[in-house]
Amino acid sequence: MVESATVRNLRVVEYYSGIGGARAGLDKWSGRKKTVSTEVVASFDMNEVVNSVYRLNFGEKPIAKSIEHLSVADINRHKADLWLLSPPCQPFTKGGGRNGGGDHDPRCNSFAHLTDLLFSEGVTKKPEYLLVENVPAFGESSMLNQFVANLQKHGYNCVKIIASPTQLGIPYHRPRFYLLASAAADRPPKPALESCSEIIPLRVFLASRAVCLDAGNADLTLRVDKNVFFKHKDYRFDVVNEKSRHVACFTKGYGQNHRGSGSLYVEKALSDADPEQEQEAKPDEPEAKRMKRSIDTPRTWHGEQWVAGGDILAMNLCPRLFSTDELLALHGYPRGFVLPNTLSLKQKYRAIGNSLSCDVHAALFDLLLY
């Protein structure tokens with residue numbers, strides 16, 4: 001008789017839970033594992049909009065308590081094996097003001113408080129694993145470096161990774177910094193995420209997630225007002241079509257600020273691409289080189305290009321915004337994940353833009369919790 005494998009039970013706490021991206025990634029990962037079960041025992045977020053999304057999809061409302069007010073008793077009460085953290089990224093972004101690396105930005109106080117709690121002598125149950133997500137600049141901050149040094153001092157093995165959904169074959173470029181930490185001496189985090197050799201075209205990928213581009217094309221409310229392109233005739237907008245393999249990162253300003261907040265979609269082919277040049281373009285081409293290729297040869301490269309507002313008008317491209325269903329799919333949220341009807345489109349875009357890639361999280365759990 002073959003004995004069944006021992007099942008590990010992991011108690012999980014989410015800090016800065018947002019709409020539940022880290023939990024959705026964890027569910028996606030644990031659903032493939034027969035030897036691990038996970039239980040989210042607490043989640044924390046002060047934003048009532050994202051909390052309403054979380055509650056609708058997971059049946060539980062996150063605790064709307066400031067993380068700065070948590071105590072050692074709170075940490076001990078949860079008895080968590082795994083901490084999931086996505087601290088505020090604004091101090092480390094160009095738009096949010098980096099303020100010397102973010103260390104002195106008030107929005108960093110909650111993360112600093114959490115790190116102090118973690119290393120407090122009164123904590124009787126420290127997490128065995130931690131997964132931290134943020135923008136790439138966070139990984140270069142003195143705050144993060146000090147945190148890693150303290151983790152290592154307390155016996156954690158740490159791995160720093162920059163990862164994007166494109167590495168998993170998903171046509172969505174959202175590079176983020178991840179810190180994987182493990183106190184299990186026999187289970188240090190694996191050092192790297194393997195990359196796929198090919199990125200799936202946009203229409204094919206969305207169809208695999210039960211989302212049809214034609215539904216968004218039929219929604220006239222998603223059309224971008226032509227006055228936007230009249231106003232910014234010389235600005236190069238990131239425009240993609242169904243063949244594209246690199247949709248630009250969406251931010252919380254998507255739908256309000258059309259400059260640098262995410263790709264716009266067009267139905268028609270942008271041009272008659274040169275087949276030979278199509279073959280030369282590599283799906284895993286470095287982003288800086290890809291951007292230069294797009295600017296230098298604006299008519300080709302997998303159907304995506306950067307088009308000046310004036311050219312968009314001249315070519316009568318009629319770009320539209322991506323729908324929320326399309327954005328959720330690109331971020332890896334499962335089928336059936338929904339947003340409350342009470343939210344405005346602006347609130348929905350903001351909530352998704354502030355979230356994370358569930359697919360990347362699921363892949364990273366393979367490196368951390370194997």
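These are my notebook entries on the cavity, a pocket and a small set of strands in this predicted model.

**Entry 1: the cavity**

I started with enclosed space and searched the whole structure. The search turned up one cavity of 30 Å³ or more. I then looked up its volume, which is about 30 Å³. Which residues line this largest cavity? I noted P87, P88, F92, R107, C108, F111, F138 and M143. Sorted by character, the lining has seven nonpolar residues, no polar ones and one charged.

**Entry 2: the second largest pocket**

Next I turned to open space and picked the second largest pocket, with a volume of about 330 Å³. I found 21 residues in its lining, and R209, A210, V211, D325 and A329 lie nearest the centre. Where does the lining come from? Helices α7 (213–217) and α12 (324–330) each give at least two residues to the pocket. The largest share is that of α12, with four residues. By character, I wrote down 11 nonpolar, four polar and six charged residues for this lining.

**Entry 3: the strands**

My last stop was a sheet. Three strands make up this open sheet, ordered β8-β7-β9, with mixed pairing. Strands β8 (264–265) and β9 (305–308) are the edges, and each has a single partner strand, so one side of each is left without a neighbour in the sheet. I followed the pairing of β7 (residues 236–240) with β9: the two run antiparallel and are joined by four bridges. To have one pair to find on screen, I looked up F237, whose bridge partner in β9 is V307.

Key: Residues are numbered from 1 along each chain as its sequence is written. This is a predicted model: local features need pLDDT of at least 70, side-chain atom pairs count only at pLDDT 80 or more; totals for chains, interfaces and linings use all residues. Side-chain values use heavy atoms; hydrogens and water are left out. On a 1 Å grid over the protein atoms alone, a cavity is a set of points where a 1.4 Å probe fits but cannot get out, and a pocket is an open set with protein on both sides within 12 Å along at least five of seven lines; lining residues have an atom within 4 Å of a point. Grid points are joined across faces, edges and corners, and a volume is the space filled by probe spheres set on the points. Ala, Val, Leu, Ile, Met, Phe, Trp, Tyr, Cys and Pro count as nonpolar, Asp, Glu, Lys and Arg as charged, and the others, Gly among them, as polar. Two strands pair if DSSP finds at least two bridges between them.
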